[in-house]
Amino acid sequence: MKVAELVGRTLAELGVGASFGVVGSGNFEATNGLRAGGVRFVAARHEGGAASMADAYARMSGQVSVLSLHQGCGLTNALTGITEAAKSRTPMIVLAGDTAASSVLSNFRVDQDALAAAVGAVPERVHGARTAVADTVRAYRTAVQQRRTVLLNLPLDVQAQEAPEAVTVPEIPGPAPIRPCAEAVAKLADLLVEARRPVFIAGRGARGSATPLKELAEVSGALPATSAVAHGLFHDDPFSIGISGGFSSPRAADHIRDADLVIGWGCALNMWTTRHGTLLGPDARLVQVDVDQAALGAHRPIDLGVVGDVASTAVDVRAELERRGHHRSREAPETTRWNDVPYNDLSGGGRIDPRTLSRRLDEILPAERVVSIDSGNFMGYPSAYLSVPDENGFCFTQAFQSIGLGLGTAIGAALARPDRLPVLGVGDGGFHMALSELETAVRLRIPLVVIVYDDAAYGAEIHHFGAADMTTVRFPDTDIAAIGCGFGCAGVTVRSVEDLAAVEDWLDGSQDAPLVVDAKIADDGGSWWLAEAFRH
């Protein structure tokens, strides 16, 4: 056995989930090693799409994913998706070929370690046959225990070395719970006892911790909310006020502004989640709970920082409040759903209001869905109007704010959650940017609903720069439904709410190919959340 195959088999034995990539000569044998070990490999049409697939799969499945790449250009093609994963602390292994140390004139030669470090990933490498298993285990341990994206470089000369036949692969546990210290628990309990209108904002670090947070909220009288990335965490909670930040409904924003204590649970309380701080009342006390001490107070001053994981901290604080006999009652808030907010319908002239589109799709599409969101002016509509069953029904790859990641994200999320209907919200710009991965979705027979919010422009720039010359950011109208059909998808053009009957027909059919919905949307004058962001 060669080292290349050994590395793939070792990752398989360690328990990675699916792998994604584009196979070239530099990663051919390692990819086959993964496959021989029983790991599913999904061949993408572009490394950038593969990176987003691997990222989304890890987020939605809870397993470490693998992104397999050729050296040099294979890695650079995937770099934007890797950056998104690294910024989001996605546990993912980027298994990349690398040029041999002696191949100083190779066309593929770049400093791959430096590329990884530059975007926030952790560079590791396989050094030789004797250390190959240990090197691979080290990379996996970093990914799973530190929740990091790791680049595991596999030089070609090392790949070709003969590997030892019998090597024991240890079992690597996930990250250990980090319990808060007793003093911090007592201080947080003090603040909750004093508060009259507490609000919880659960972020990425709270995913999977809905139950202890709900139980603490019930005892303390808090209203739970989430950051966008944790949308769905409190879906079935009648006290939930939805998303905090740019996507907040007016009523939800009022509840957050009225709070006298705001606790960020695994949440950065950054400018997006707090609308540049305008969602926070001037006298509100702020608390952050996070496993990373450096995250505490990084975006704004806080009154208390607690080092601890969300679940353990919530359990300990609840126990402390119960020990003190504290229980604050609360009333369920009036509806905070955007779907219930009245609006002036802008539909007409062959264009559909994006709110009307999104509200009707929320009614049509099955409740058991996994919604993925690309970036752009449109993104508030599917995020705010399409409900999801839990936090694993919403995949929000926005840490790098790049358009074009949505289609790969939706495919990865669909493969992680085959029990749910995959839905993608994407702008026409992001759709065209990632078009090649439609073939991947068709080949895999994924019943993906692609909702293209089509304004034939880069909408954010249109609304940001106002009366300026927009020649560079406006485009001729494209028949996106026909493009979808060309790839083997079903396609429908939507100009009015009546046109959405075709979506219902598709849902009633075999769903053996994706559906591309080309929604010609009316000019919204700049979506509400983006207008808020641009004011600061």
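**Exercise 1. How much accessible surface does the chain have, and what percentage belongs to carbon and sulfur atoms?**

Before you start: this is a predicted model, where local features need pLDDT of at least 70, side-chain atom pairs count only at pLDDT 80 or more, and totals for chains, interfaces and linings use all residues. Residues are numbered from 1 along each chain as its sequence is written, and side-chain values use heavy atoms, with hydrogens and water left out.

Solution. Step one: run Shrake-Rupley with a 1.4 Å probe; for residues, only the protein chains shown count as cover. Step two: read off the total, about 20900 Å². Step three: split it by atom type, and carbon and sulfur atoms take 50% of that surface.

**Exercise 2. Work out how compact the chain is.**

Solution. Begin with the inventory: 22 helices and 17 strands, where helices (H or I, at least four residues) and strands (E, at least two) are DSSP runs numbered from the N terminus. The radius of gyration is 24 Å, close to the 24 Å from the globule rule for 536 residues, so the chain is as compact as a globular protein of that length. That radius is taken over C-alpha atoms, and the rule is 2.2 Å times the number of residues to the power 0.38. Next, the extents: the C-alpha trace spans about 65 × 65 × 45 Å along its principal axes. Last, the burial: 58% of the 536 residues are buried (under 20% relative accessible area; exposed is over 50%, partly exposed in between; 1.4 Å probe, protein chains only).

**Exercise 3. Find the largest nonpolar core and follow one of its residues.**

Solution. A nonpolar core is a set of buried Ala, Val, Leu, Ile, Met, Phe, Trp, Tyr and Cys residues joined through side-chain atoms within 4.5 Å. The largest one here has 49 residues, and Phe-20, Leu-67, Ile-82, Phe-431 and Val-450 have the most contacts inside it. Elements that each supply at least two of its residues include α3 (47-61), β3 (65-69), α16 (406-416) and β15 (449-454). Now pick Ile-82: skipping neighbours within four places in sequence, its contacts (heavy atoms within 4.5 Å) include Ala-51, Leu-67, Val-94 and Thr-149. Don't stop there, though: a second, separate core of 39 residues includes Ile-352, Leu-357, Val-371 and Tyr-453.

**Exercise 4. Place Leu-321 and Val-64, and compare sequence separation with distance in space.**

Solution. Leu-321 sits in helix α13 (residues 310-324) and is buried at 0% relative accessible area. Leu-321 and Val-193 are 128 residues apart in sequence, yet their C-alpha atoms are 7.9 Å apart. Beyond residues up to four places away, Leu-321 touches Val-193, Leu-216 and His-326, among others.

Val-64 lies in the loop between α3 and β3, and it counts as buried at 5% relative accessibility. Here the pair to check is Val-64 and Ala-30: 34 residues apart in sequence and 17 Å apart, C-alpha to C-alpha.

**Exercise 5. Look at phi of Arg-89 and of Arg-275, then say whether each residue is buried or partly exposed.**

Solution. Arg-89 has phi near 55°, a positive value in a residue other than glycine. It belongs to the loop between α5 and β4 and is partly exposed, at 38% relative accessible area. Arg-275 has phi near 50°, again positive and not a glycine. Its loop runs between α12 (271-274) and β10 (285-290), and Arg-275 is buried, at 11%.
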